[in-house]
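Biologist: I'm new to looking at structures, and words like "buried" or "contact" still puzzle me. Can we go through one together and check each word as we use it?

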Amino acid sequence: MSVELPGRILEIQVVRNNRLGLVQFGDTRRPIFLDLVADAKVGDWVTVHVGFATGKVSEPEALAAYAELGATQETAEGDLQLEEAGPAMRRRVKPR
Amino acid sequence: MTNQSAVIPEEMIEFARVYRVLSELDPDQLKKLLPLAEETHFSRGQILFKEGDQSLYLHLLVSGDVALEMMAGGQAIPVQTVHAGDAIGWSSLAPGSRTHFQARALSKVDTVAFAGARLKAACDRDPAMGYALMKQLLELVTERLDAARMQLVDIYGRPEPVRR
């Protein structure tokens, strides 16, 4: 089974009859179908399974998932960073 | 906000093409199918399945190239190369079927795989979903046959006219 890390929607486009989002996972971005999460919008965090968004999660939940894996998440605007500081993870989230 | 006026990136168009078997299903149908799917990964040279194996998985190729080969005289004879957007292992939807080819990864390959028996059972429980899925699969199979015919033409060329 694949690990289902949440990703953040950077952009949404309609291709044929489907809503596709460009979604950022850590330092990679990939297209994801958003049809199952009708109210998903740019900036939302979504859980993904085999290329389809399956639900939304809050930003704290998403960041906690990355912190748990010791991953570094950086948005396209660079306004969000998780940094490893010694054994503990600390978060720096720019207020919106 | 949905951006419908901007130029659609190539990667999104390609993504929609690769997932077209699933992209025509409605949300309720997708919710039934997606739990059955898992991502699988193969390295170059790895065998996805051997000829004559019990056909267990339907693979939708997300990226990479796969050679379909037949064994003859102990050698693997290439029959066709399939690419991202193709499906292989659709015989897994027929109970008790065995694979007709060997499938070998020619590059790093990523697939979305469905256990054929579970997929068939889901289609039996929801015939409308099964019909929608089978229509898409049939389109893929037809394209595969066309591609195979073109490859045969490439290999054997046009026959010489008969001299009288």
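Modeller: Let's begin with burial: a residue is buried if 20 or more other C-beta atoms lie within 10 Å of its own, exposed if 12 or fewer, and partly exposed in between, with C-beta atoms placed from the backbone. By that count, 27% of the 164 residues of chain B are buried, and in chain A, with its 96 residues, the buried share is 30%. Keep in mind that this is a predicted model, where local features need pLDDT of at least 70 and side-chain atom pairs count only at pLDDT 80 or more, while totals for chains, interfaces and linings use all residues. Residues are numbered from 1 along each chain as its sequence is written, and chains are lettered from A and ligands numbered from 1 in the order in which they are written.

Biologist: Let's try one residue, then. Why is Ala37(B) called buried?

Modeller: Count the atoms: Ala37(B) has 23 other C-beta atoms within 10 Å. The cut-off is 20 or more, so Ala37(B) passes as buried.

Biologist: And which residues does Ala37(B) contact, if we leave aside its neighbours within four places in sequence?

Modeller: They are Val50(A), Val112(B), Ala113(B) and Phe114(B). Being in contact means that the two C-beta atoms, placed from the backbone, lie within 7 Å. Ala37(B) itself belongs to strand 1 of chain B, residues 37-42. Its C-alpha atom is 7.7 Å from that of Ala115(B), although 78 residues separate the two along the chain.

Biologist: How do you know what counts as a strand or a helix?

Modeller: Both are DSSP runs numbered from the N terminus: helices are H or I over at least four residues, strands are E over at least two. With that rule, chain B gets 5 helices and 8 strands, in the order α-α-α-β-β-β-β-β-β-β-β-α-α from the N terminus on. Chain A gets 1 helix and 7 strands, and its pattern reads β-β-β-β-β-α-β-β.

Biologist: What makes strand 1 and strand 6 of chain B edge strands?

Modeller: First, the sheet: 4 strands of chain B make an open, antiparallel sheet in the order 1-8-3-6. Strands pair if DSSP finds at least two bridges between them. Strand 1 and strand 6 (87-88) each pair on one side only, and that makes them the edges. Further in, strand 3 and strand 8 of chain B are joined by 6 bridges, so they clear the minimum of two. Along that pairing, Ser63(B) faces Asp110(B) in strand 8. Helix 4 of chain B packs on this sheet, touching strand 3 and strand 8, and its direction makes about 55° with that of strand 8. That angle is between N-to-C directions, on a scale from 0 to 180 degrees, and the axes are lines fitted to C-alpha atoms, for helices over the stretch in contact.

Biologist: Which residues of helix 4 of chain B are buried?

Modeller: In helix 4 (residues 116-125), they are Gly116(B), Leu119(B) and Cys123(B). They line one face of the helix, because they fall within an arc of 65° seen down its axis; the arc is that of the directions from the axis to the C-beta atoms. In general, an α-helix has 3.6 residues a turn, so residues three or four places apart point the same way. The cover over these buried residues includes strand 3 (57-63), strand 8 (109-115) and helix 5 (127-156) of chain B. On the face turned away sit the exposed Ala121(B), Asp124(B) and Arg125(B).

Biologist: Over to chain A. How do you know that strand 1 and strand 2 of chain A pair?

Modeller: DSSP finds 7 bridges between these antiparallel strands, so they meet the rule of at least two. They form a hairpin with 2 residues between them, and Arg16(A) in the turn has a positive phi of about 55°. Val15(A) has Asn18(A) as its bridge partner. Strand 2 and strand 3 of chain A are also antiparallel, with 6 bridges, and their hairpin has 2 residues between the strands, with Gly26(A) at a positive phi near 55°.

Biologist: How many residues does each chain bring to the contact?

Modeller: Chain A brings 22 and chain B brings 20. On the chain A side, strand 1 gives the most, with 5 residues.
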